[in-house]
Amino acid sequence: GLAKVGFTAGNQSLDVRYSLNDSARIQALIQELEAAGVDVIVTHAAAVLRSVQAKRNVPLVYHLSADPVSLGLAAELSKPQNDATGITLMGAELNGKRLDLLREIMPASRTIAVIYNPLHGGEHLERAWVESRAQALNFAVAYRPAADRPALDQVLAATAANPPDAILLLSDGFLQAERKPVMEFAARLRIPVFANWAVFAESGALFSYGPRIPETTQRVAVYVDRILNGAKAADLPIERPTLFELVINLDTATRLGLTLPATVIARADRVIE
C-alpha cells in the first residue's frame, strides 16, 4: 500500500511492535514508538481500541473489523475522535446477501446457526440484519455466542445436539483464529458453513461473501500518506469497503454432495477446486 502511494525503502521506515495479545502492553509500546520519533502509528484488529484510548502525541490510523461507532471510537463514521481514523470492515447489511446466496444454493434449507463473538463491536448490527432477512426468507435462526475457546466448544456441542442446515459465522479476529475447529466440526457433521471473509472459504467454508481484505489493508496506506502530508485524522472520515468478493469452495460442495447452480458459480470472483 505504501509503495502504491509513492513510498520507497529510501524515504520511509517501519518500526514494528507486537502486543502479543496483551492489551496492557499497548501504552508502553506507543511510548516506545513515540520515543523513536514516529510520525504516525498504525494499529490493527484487537489492538485498536486500547491504542486509540492510549495517551499519545502522534496521530493514529487503524484497520479493524468492528464498528467504530459501537466501540466509541467515533460519534459517526464522518466524525472520528481521539486523533485517530482508518478503515472498518463492518458491513452488517451484507448478511442479507449471504442469506440470499444460501437460499439460492440450498433452496430447501430452513435452519441456520449463527456463531458470533458477542464482544465484537457492532455484532448487534449484524444480528439485526440477519434477523430481518431471515424472516423474509423463512429461515429459523439460532444465535450461538462465543468469545473464547471454552465457549466455542460449548457452542459446537449445542449445535451438534440440534444440527442446523447451515452455519453462518459472523467474522472477526477470534473466529478467524479459531476457524479450524469450526471447519473440522462442520465437516464431520456435513454442515455447510458460510462467512464474511475469503480466508474462511479457503479453510473449508462453502462460500464467503464480503470485503476484499488485501485491498482494505492497503487503503490504510492512503490515510498514512494524507496525514504525513498535513491532513488531520479528525478530518478524514472512517472508510468502509467498496470492493467485495464471492469465493466458492467447490471442493467443499463436492464433499457435502451439493451441486451449485451454474448462475452462482458464474458470479463468483474466485472458485476453489
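**Exercise 1.** Are F194 and F207 buried or exposed? Work out how their rings sit and what the pair links.

*Solution.* Keep in mind that this is a predicted model.
- Step 1: F194 and F207 are both buried.
- Step 2: There are three aromatic pairs in the structure.
- Step 3: F194 and F207 make up an aromatic pair, with ring centres 5.2 Å apart and 25° between the planes. Planes under 30 degrees apart count as stacked, so this pair gets that label.
- Step 4: F194 belongs to strand β9 (residues 193-195) and F207 to strand β10 (residues 207-211), so their pairing ties together parts 13 residues apart in sequence.

**Exercise 2.** Classify the pair formed by the rings of W197 and F200.

*Solution.*
- Step 1: The ring centres of W197 and F200 are 6.2 Å apart, and the planes meet at 45°, so the pair is tilted.
- Step 2: As for burial, W197 and F200 are both buried.

**Exercise 3.** Find out how compact the chain is for its length.

*Solution.*
- Step 1: Start with the parts list: the chain has 11 helices and 12 strands.
- Step 2: Its radius of gyration is 20 Å, close to the 19 Å from the globule rule for 273 residues, so the chain is as compact as a globular protein of that length.
- Step 3: The C-alpha trace spans about 60 × 40 × 30 Å along the principal axes.
- Step 4: Now for burial and contacts. Of the 273 residues, 47% count as buried. Take the contacts between residues at least 6 apart in sequence: 68% of them join residues at least 24 apart.

How values were computed. Residues are numbered from 1 along each chain as its sequence is written. This is a predicted model: local features need pLDDT of at least 70, side-chain atom pairs count only at pLDDT 80 or more; totals for chains, interfaces and linings use all residues. Side-chain values use heavy atoms; hydrogens and water are left out. Helices (H or I, at least four residues) and strands (E, at least two) are DSSP runs, numbered from the N terminus. The radius of gyration is taken over C-alpha atoms; the globule rule is 2.2 Å times the number of residues to the power 0.38. Buried means under 20% relative accessible area, exposed over 50%, partly exposed in between (1.4 Å probe, protein chains only). Contact means heavy atoms within 4.5 Å. Rings of Phe, Tyr and Trp (its six-membered ring) pair if their centres lie within 6.5 Å; planes under 30 degrees apart count as stacked, over 60 as edge-to-face and the rest as tilted.
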